[in-house]
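Biologist: Please take one close look at the ligand site and describe it as a connected whole, with the cut-offs behind each term.

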Amino acid sequence: HVKQRGRNAFMVFNQSIENKTLERRLLETALRTAIKEQQFYLEYQPKLNITKNELIGVEALVRWNHPDLGRIPPLKFISLAEETGLIVPLGEWILRESCKQLGIWQIQGLTNLTMAVNVSVRQLEDPYFVQKVEEILKETNLHPKFLELEVTESIFADVKNTVTVLNEIRRMGIQISVDDFGTGYSSLSYIKEFPIDTLKVDQSFVKDIHTNEESKAIVKAVLNLAKTIGINVIAEGIELAEHVEELSKDGCQFGQGYYYSKPLSTTAFEEYVTNMHTLKG
Ligand code: C2E
Ligand code: MG
Ligand code: MG
Ligand code: MG
C-alpha cells in the first residue's frame with residue numbers, strides 16, 4: 001500500500017510540475033508576443049502629501065491586457081519576466097512610456113509631479129541601464145529630478161555592482177526609493193552605503209497600523225530612522241481614514257493607497273486631477 005501511495009503521490013507531483021512548466025512556457029511565449037504586439041499599458045497611482053492633501057506625484061504600474069486571457073496581474077508575470085530577462089526590454093518600454101507621459105502632463109501644467117517607476121534587479125544588472133535612462137530622459141526632454149526609481153531591498157544584497165549603478169543614477173539627479181521597506185530580510189546597513197532618498201513603508205505595516213501595536217511600532221521606528229538620517233518616508237497601501245489618522249499622528253507626511261485612489265488610466269488620472277482642483281476651489 002505504501003508503495004502504491006508513494007507512486008501515486010509521485011505521479012501527482014510530477015504532473016503538477018509538468019503543468020507548471022507548461023504554464024510557464026506558454027506564459028513566456030505569450031510575454032514575448034506581448035512585448036512585440038504592445039499589449040502592455042501603464043496605470044498611474046497618485047502619491048500625496050497626506051497632511052496637506054496635495055498631489056506630489058504618481059507611481060507607474062504596468063498592466064498586461066492579453067487578447068484572449070484578459071488582464072493578467074503583474075504578480076503573475078513580473079517574476080517570470082525577471083527570470084527570463086524579458087524585464088529588460090519591458091522595463092525599458094515602461095520607463096520610456098512613463099517619462100513620455102509625464103512630459104505630456106507637464107505641458108498640460110502639472111509641473112510639480114514626480115514619476116516613480118519600479119525597477120527590477122535584473123534591469124540594474126544590464127550594463128546599458130544607465131545609458132538607457134540617460135537616453136530616455138533626453139528623448140523625452142524630462143529633468144531627472146522628476147524621475148524616481150523604486151527598487152526593492154533585494155538589490156542591496158549585491159553591494160559591489162548595484163552601488164555603482166545607483167550612485168550614477170543618483171548623480172544624474174534621479175531619486176531612489178526603497179519599495180516594500182521592511183519586508184526584505186536584508187541588513188539595514190545598506191542604508192549607509194546607498195544613496196537613498198525615500199523609504200516606502202510596506203503596505204503590510206500600514207494595513208493594521210490602527211489595530212496592531214507591532215505594526216505601529218515598526219512604522220514609528222522607520223519614521224524615526226528616516227528623520228535622523230534625513231530621508232523621506234512614504235506609506236503605501238493606505239485604505240482607511242484610520243490609517244491616515246495614525247500615520248499623521250506619527251508624523252508621516254506622504255502616502256498612497258486606495259483611500260486616495262487606485263491606479264488610474266491616463267484619462268482617469270486627468271479627471272482625478274481636475275476633480276481635486278474643483279474640490280479645492
Ligand atoms: P509595488 O511597486 O509595491 O506596487 C504597489 C502595489 O500595491 C500595486 O499592485 C498597487 O496597485 C497595489 N496597491 C496600491 N494601493 C493599494 C492599497 O491601498 N491596498 C492594496 N491592497 N494594494 C494597493 P500591482 O499594480 O498589482 O503591482 C504589484 C507589484 O508588481 C508592484 O508592487 C511591483 O513590485 C510590481 N510591478 C508593477 N508594475 C511594475 C513595473 O512597471 N515594473 C516592475 N519591475 N515591477 C512592477
Ligand atoms: Mg512600487
Ligand atoms: Mg510596494
Ligand atoms: Mg509590492
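Modeller: The shell around ligand 1 is made up of nine nonpolar, six polar and six charged residues, where Asp, Glu, Lys and Arg count as charged and Gly is among the polar ones. This is a predicted model in which local features need pLDDT of at least 70 and side-chain atom pairs pLDDT 80 or more, while totals for chains, interfaces and linings use all residues. Residues are numbered from 1 along each chain as its sequence is written, chains are lettered from A and ligands numbered from 1 in the order written, and side-chain values use heavy atoms, without hydrogens or water.

Among the 21 residues around ligand 1 (a heavy atom within 4 Å), those that come nearest are Arg 63, Asn 118, Asp 179, Glu 239 and Tyr 258. Oxygen atoms of ligand 1 also take part in polar contacts, pairs of N or O atoms within 3.5 Å: a polar side-chain atom of Glu 59 lies 3.0 Å away from one such oxygen, one of Asp 180 lies at 3.1 Å, and one of Gln 203 at 3.3 Å. On its own, ligand 1 has 800 Å² of accessible area (Shrake-Rupley, 1.4 Å probe), and the protein covers 84% of this. Two or more shell residues come from each of strand S2 (54-66), helix H2 (74-84), helix H3 (87-107) and strand S6 (175-181), these being DSSP runs of at least four residues for helices and at least two for strands. Strand S2 contributes the most, with four residues.

Glu 59 returns at the metals, since the magnesium ion (ligand 2) has as its protein donors Glu 59 (OE), Asn 118 (OD1), Glu 150 (OE) and Asp 179 (OD), at 2.0 to 2.2 Å; donors are N, O or S atoms within 2.8 Å of the metal, or 3.2 Å for Na, K and Ca, and sites may look incomplete because water is not among the atoms. Their spacing along the chain is E-x58-N-x31-E-x28-D, and distant parts of the chain are linked here, with Glu 59 in strand S2 and Asp 179 in strand S6 lying 120 residues apart.

Asp 179 coordinates both magnesium ions, ligand 2 and ligand 3, which are 4.2 Å apart. For the magnesium ion (ligand 3), the protein donors are Asp 179 (OD), Asp 180 (OD) and Glu 236 (OE), the last of these listed twice, at 2.1 to 2.4 Å, with the spacing D-D-x55-E. Here too distant parts of the chain are linked, as Asp 179 in strand S6 and Glu 236, in the loop between strand S8 (232-235) and helix H10 (241-249), are 57 residues apart.

Terms used. Polar contact = N/O pair within 3.5 Å; in protein donor to acceptor, adjacent residues only side chain to side chain.
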